[in-house]
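Work through the exercises below with the sequence and the model at hand. Each task is followed by a solution in steps.

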Amino acid sequence: MHSTKTVAREIAEKLNKFEKIYLNPVAGSGSCDIELAKKFKKVAFLLVEKKFKRAFKAASKAEKFGLTNVLVVRGKFEQFLDVVRGFTCDCINLLFPDPWPKERWKENRLYAYSTLRDMISILKPRGNLLVKTDSWLIFAEILVSSAIASKNKYYRLPYKEPIKVLRSDFEKKFLAKKQSIGFFVVKNTTPFSTSF
Ligand SMILES: C[S@@+](CC[C@H](N)C(=O)[O-])C[C@H]1O[C@@H](n2cnc3c(N)ncnc32)[C@H](O)[C@@H]1O
């Protein structure tokens, strides 16, 4: 049985071999991440998903395309935080986290202040945390949490931004139902450290 520290070190060593690290804490079956991983082989894609079937689907796709830059973890993101703290990310894509609307479920909200703070703390200088949600309640909560959790710059982008991006599975579903989507970015504006 490996200790969390050993697993954390092994994962960090694997990911740090790549030029960049991308994290999706609520990956679902990872369709858009796998498409990105096919295009960007120098980027490590770490996908976390709590549901076994979805995580298995993501891992199967990665295997099918022979992608050695994809690592799928089946579990709750918050339980994986000690491992995640072993490295820093260039990009975190928090796409459509579940709303958990009832007060007694609030511990599960991945967009709550403490989890957002943890995510922001593992961003590399100039790294981005991208959040998309169909829920305006979540959007409002994220705005407040980010303002508290982050000394960094954060800004809301118009959803129909000119950059062509891949749509996630849930994004396609919400767009098909003509639901509006909120898009929000937190940027770590800490300058790169320079050593002389
Ligand atoms: C609404 S879906 C979005 C999936 C994907 N990001 C997309 O946009 O298609 C939310 C996903 O997050 C997963 N999830 C919810 N809470 C989680 C947690 N604490 N840790 C990891 N995955 C979680 C759910 O099982 C579900 O697959």
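**Exercise 1.** Classify Phe-96 as buried or exposed, and state where Phe-96 is found.

Solution. Step 1: the model is a predicted one, and Phe-96 is found in the loop between E4 and H5. Step 2: count the neighbours; 20 other C-beta atoms lie within 10 Å of Phe-96. Step 3: the cut-off for a buried residue is 20 or more, so Phe-96 is buried. Step 4: check the backbone; phi of Phe-96 is near 55 degrees, a positive value in a residue other than glycine. Most residues other than glycine have a negative phi.

**Exercise 2.** Arg-126 is not a glycine; find its phi and decide how exposed Arg-126 is.

Solution. Step 1: Arg-126 lies in strand E5. Step 2: its phi is positive, about 70 degrees. Step 3: Arg-126 has 13 other C-beta atoms within 10 Å. Step 4: a residue is exposed at 12 or fewer and buried at 20 or more, so Arg-126 is partly exposed.

**Exercise 3.** Describe how strand E5 pairs with E4 and with E7.

Solution. Step 1: take E4 (residues 89-95) and E5 (residues 123-133); six bridges pair them in the parallel sense. Step 2: find a facing pair; Ile-92 stands opposite Leu-129 in E5. Step 3: follow the chain from E4 through helix H5 (residues 113-121) to E5, a β-α-β crossover that is right-handed. Step 4: turn to E7 (residues 182-187), which is joined to E5 by six bridges and runs antiparallel to E5. Step 5: Leu-129 faces Val-186 in E7.

**Exercise 4.** Repeat the analysis for E2 and E3: what is the sense of the pairing, and which hand has the crossover?

Solution. Step 1: E2 and E3 run parallel and are joined by five bridges. Step 2: Glu-49 stands opposite Arg-74 in E3. Step 3: between the two strands the chain passes through H3, and this β-α-β crossover is right-handed.

**Exercise 5.** Which residues of helix H2 are buried, and what covers them?

Solution. Step 1: in H2 (residues 31-39), the buried residues are Cys-32, Asp-33, Ile-34, Leu-36 and Ala-37. Step 2: their cover includes the strands E1 (20-24), E2 (43-49) and E3 (70-74), together with helix H3 (52-64). Step 3: compare Ser-31, whose place is also in H2. Ser-31 has 18 C-beta neighbours inside 10 Å and therefore counts as partly exposed. Step 4: list what Ser-31 touches beyond four places in sequence; the residues are Ser-168 and Asp-169. Step 5: the C-alpha atoms of Ser-31 and Ala-58 are 7.0 Å apart, with their positions 27 residues apart in sequence.

**Exercise 6.** Place Asp-90 in the fold: which residues is Asp-90 in contact with, leaving aside neighbours within four places in sequence?

Solution. Step 1: Asp-90 is found in strand E4. Step 2: 19 other C-beta atoms lie within 10 Å, so Asp-90 is partly exposed. Step 3: the contacts of Asp-90, sequence neighbours aside, are Lys-20, Ile-21, Tyr-22, Lys-124 and Gly-127. Step 4: take Lys-20, which is 70 residues away along the chain; its C-alpha atom is separated from that of Asp-90 by 6.0 Å.

**Exercise 7.** Describe the shell around the ligand: which residues come nearest, and which element supplies the largest share?

Solution. Step 1: there are 20 residues around the ligand, and Val-26, Gly-28, Phe-77, Ser-168 and Phe-170 come nearest. Step 2: E2 and helix H7 (169-176) each give at least two residues to the shell. Step 3: H7 has the largest share, three residues. Step 4: by type, the shell holds nine nonpolar, two polar and nine charged residues.

**Exercise 8.** How many helices and strands are there in the protein, and which element has the lowest mean pLDDT?

Solution. Step 1: the protein has seven helices and seven strands. Step 2: in order from the N terminus, the elements read α-β-α-β-α-β-α-β-α-β-α-β-α-β. Step 3: of the 196 residues, 33% are buried. Step 4: the average pLDDT is 85, and 87% of the residues score at least 70. Step 5: strand E6 (residues 153-157) has the lowest mean pLDDT, 59, and H3 the highest, 97.

Technical notes:
Residues numbered from 1 in each chain as written. Predicted model: local features only at pLDDT ≥ 70, side-chain atom pairs only at ≥ 80, totals over all residues. Pairing = 2+ DSSP bridges. Helix = DSSP H or I, 4+ residues; strand = E, 2+ residues; numbered from the N terminus. Right-handed = clockwise from strand over helix to strand, strands pointing away. Contact = placed C-beta atoms within 7 Å. Near = placed C-beta within 6 Å. Nonpolar A, V, L, I, M, F, W, Y, C, P; charged D, E, K, R; others polar. pLDDT = per-residue confidence, 0-100.
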